[in-house]
Amino acid sequence: MIELRGLSRHFQVGDQVVRALQDINLAIPDGDYLALMGPSGSGKSTLLHILGCLDRPTTGRYVLDGREVGSLPEDELAEVRSRKIGFVFQFFHLIPRLTAAENVELPMVLAGIPPAERRERVAKALRAVGLTDRAAHRPDQLSGGQRQRVAIARATVMGPSILLADEPTGNLDRASGHEIIELIERMNREGLTLVVVTHDPEIGGRARRILKLVDGRISSDGKAA
Amino acid sequence: MNALDLLRFAWGALKGHRLRTALTLLGMAIGVGAVILLTALGEGARGYVTNEFMALGSNLLIVLPGKTETTGNAPILGGTTRPLTLEDCEAITRRVPRVRRLAPLSVGSARVGYRERRRQVTVLGSTPELLPVRHLQIGIGRFLPDVELDRGAPVAVIGRTVQSELFGSENPLGQPIRIGDWRFRVVGVMAAKGQSLGLNMDDVVIVPVSSALRLFNQPSLFRILIEVGAHSEIDAARREVMTVLKERHDGEEDVTVLTQDSVLGAFNRILGALTLALAGIAAISLSVAGIGIMNVMLVSVSERTPEVGLLKALGAPPRQILRVFLVEAVLLSAAGGLLGLLTGYVGSVILSQTFPALPAHPPTWAVISALAVSLAAGALFGVLPARRAARLDPVLALAGR
Ligand SMILES: Nc1ncnc2c1ncn2[C@@H]1O[C@H](COP(=O)(O)OP(=O)(O)OP(=O)(O)O)[C@@H](O)[C@H]1O
Ligand SMILES: [Mg+2]
């Protein structure tokens, strides 16, 4: 359960203050499927980063599963990211020198999970995204869609409760973009809370709920048409 | 993240930039190798000198004319005031019972000829005692006759080189030779000895000391070599010899009495300082290598900014990022250090095989400190880049900023 109350995020640029988010009030129940939409610069990514504990609000509260996380120290925020959050980025962010399997394994390596268990979970995560036969390939030997599937396997291998995706299809052709959306929707059906930032109305329309941001404020919040 | 995973991750990152990693390794290897090789060289020089003096025997006193400024340090000779004479030698023999053997030594250079052949050689004047005192051996014939000190005798013992140059395959024993304007008869040939204390003992002619003094018209002996019974007596003997000579020289201490210990100590100090200086020069290259590591790590951090952002997004706390980059730096410096250790050792083995007289072994302290310094350099110079990485803002880092 995610709750934002009176949340805002300001950036100081020189002597100017950029109000990227203003007075955001939002509740996302577990297992929800939310599309974040809005014009460029409206604050979608900023909101997603705050939801993922990569960034902190300037003012207001962020309560995650009943715990105020907006003001946690860096180390505890990292712990929250490790246990509860999975990220999928537009540019995949795979480490080029590591194989698909090693990229998927990375969050567990960082979390200090023993190797035997890691191997098992990597195999399972790769199977779930249909890339078992590509485990030993490096990112440059994979297509864009396959890379994004590796990234999804990596985002979910730790068993998070929230999957945050910032324009996950932004760098893909239509067909593979479609596959990616279907993949994460399947994970949402299995109980994962899903928040997707997108410019594509077709993708946004698939969500259970669309949140529209304009100039850092929520302009509309409701069921998809 | 356990240690093995850390190492594997760091190693993978280093392997990704083979050339850059290799060059940084090389820098560290040169630094460590230089420390090891140069200190081996310094120690080799010290070992060489030590061996030379050890060959003298540890219960030897050397008396030389003139007063040195400070005791214990390398002798700096002042103006010769009073000559060291054969009477001084007799007085020492008579009055210092600790003296077991005494060999006066006079040195000059003269043209030595046999028939048509001539050769410029070093002529030593001494007594039969020179043989045991300097651990010399006679090859054929006899050494100098045991005559009274002040009585010369027209006999000479020649070195191996002199023999072959003047006589070729002819038997030199009993043959007349000219030294300067004087005539001597060859009674013996020394066994081959080679270089000893800066003098090629094969290229000398040895004659009775009073003959040499007359030959060179010298008022003073060059040295008096005194052997005492045991090493423990050396200080007492030194004082007694000093007392006798002071008395004979109108109460003035115008001679210097050196012991092997004092000479050796002086050389040890000089050559020890040399080794340290060499180590210092080499240490500079070590610190240059350390800065090289810092440079490479800074480049690496800025290149891998998005990776740092990703690691943070995946849940790595700052201290873990710090560790990843520190381990990378230390891995670089440790591998470089080991490589340098290897080349340093190989280099010093080659050195000591090329110059067998030079026992060029790197001292343990230099090996250990070079390795320690290289590791410390990796850690020290790795801290700044690693901290920079650990402090990156995750959102900005992901965006590559
Ligand atoms: N680190 C920052 N420093 C200063 N301003 C920032 C920073 N990050 C974001 N902003 C500003 O905050 C506002 C919202 O940015 P954000 O990236 O959230 O927009 P967005 O909705 O994701 O846009 P897009 O659709 O183009 O990705 C923008 O005006 C942006 O310039
Ligand atoms: Mg954005």
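User: How far apart do the C-alpha centres of domain 1 and domain 2 of chain B lie?
Analyst: Happy to start there, with the reminder that this is a predicted model. The domain assignment of chain B gives domain 1 as 3-52 plus 265-398, and domain 2 as 82-253. Between the C-alpha centres of these two domains of chain B, the separation is 56 Å.

User: Which element gives the largest share of the lining of the largest pocket?
Analyst: The largest pocket holds about 710 Å³ of space. Its lining has 28 residues, and the closest to the centre are A:Ser45, A:His49, A:Asp166, B:Val395 and B:Arg401. Elements that give two or more residues are β1 (2-13), β2 (16-28) and α1 (44-51) of chain A, together with α12 (394-398) of chain B. The largest share, five residues, comes from α1(A).

User: How many residues of the pocket lining are nonpolar, polar and charged?
Analyst: Good one to ask before setting up any chemistry there. The classes cover the lining of the largest pocket, a space of about 710 Å³. Sorted by class, that lining has 11 nonpolar, 10 polar and seven charged residues.

User: Which strands are the edge strands of the four-stranded sheet in chain A?
Analyst: This open sheet runs in the order β2-β1-β4-β5 of chain A, with antiparallel pairing. Inside it, β1(A) and β4(A), residues 59-64, are joined by five bridges, and A:Ser8 has A:Thr59 in β4(A) as its bridge partner. The strands that pair on one side only are β2 and β5 (67-68) of chain A.

User: What angle does the direction of α1(A) make with that of β1(A)?
Analyst: In the sheet with order β2-β1-β4-β5 of chain A, the pairing is antiparallel, and β2 and β5 of chain A are its edge strands. Helix α1(A) packs on this sheet and touches β1, β2 and β4 of chain A; its direction makes with that of β1(A) an angle of about 120°.

User: By how much are neighbouring strands of the six-stranded sheet turned against each other on average?
Analyst: Let's place the strands before the angle. This open sheet has mixed pairing and the order β6-β7-β8-β3-β9-β10 in chain A. Its edge strands are β6 (85-88) and β10 (217-223) of chain A. With direction ignored, the average turn between neighbouring strands is 15°.

User: Which residue of β8(A) stands opposite A:Leu34?
Analyst: Strand β3 of chain A (residues 33-37) pairs with β8 of chain A (residues 193-197) in the parallel sense, over four bridges. Strand β3(A) is also joined to β9(A), residues 209-214, by four bridges, again in parallel, and there A:Met37 stands opposite A:Lys212. Back in β8(A), the residue opposite A:Leu34 is A:Val195.

User: At what angle does helix α6 of chain A run to β8(A)?
Analyst: Two helices of chain A are worth a look here. Helix α2 (residues 74-84) lies across β6 and β7 (162-166) of chain A and runs at about 80° to β6(A). Helix α6 (residues 174-189) lies across β3, β7 and β8 of chain A, and to β8(A) it runs at about 150°.

User: Which residue in the turn between β9(A) and β10(A) has a positive phi?
Analyst: These two strands run antiparallel and are joined by six bridges. One of the pairs has A:Leu213 with A:Ile218 in β10(A) as its bridge partner. The strands form a hairpin with two residues between them, and the turn residue with a positive phi, about 50°, is A:Asp215.

Notes
Residues are numbered from 1 along each chain as its sequence is written. Chains are lettered from A and ligands numbered from 1 in the order in which they are written. This is a predicted model: local features need pLDDT of at least 70, side-chain atom pairs count only at pLDDT 80 or more; totals for chains, interfaces and linings use all residues. Side-chain values use heavy atoms; hydrogens and water are left out. On a 1 Å grid over the protein atoms alone, a cavity is a set of points where a 1.4 Å probe fits but cannot get out, and a pocket is an open set with protein on both sides within 12 Å along at least five of seven lines; lining residues have an atom within 4 Å of a point. Grid points are joined across faces, edges and corners, and a volume is the space filled by probe spheres set on the points. Ala, Val, Leu, Ile, Met, Phe, Trp, Tyr, Cys and Pro count as nonpolar, Asp, Glu, Lys and Arg as charged, and the others, Gly among them, as polar. Two strands pair if DSSP finds at least two bridges between them. Contact means heavy atoms within 4.5 Å. Axes are lines fitted to C-alpha atoms, for helices over the stretch in contact, and angles run from 0 to 180 degrees between N-to-C directions. Domain bounds come from an automatic or database domain assignment.
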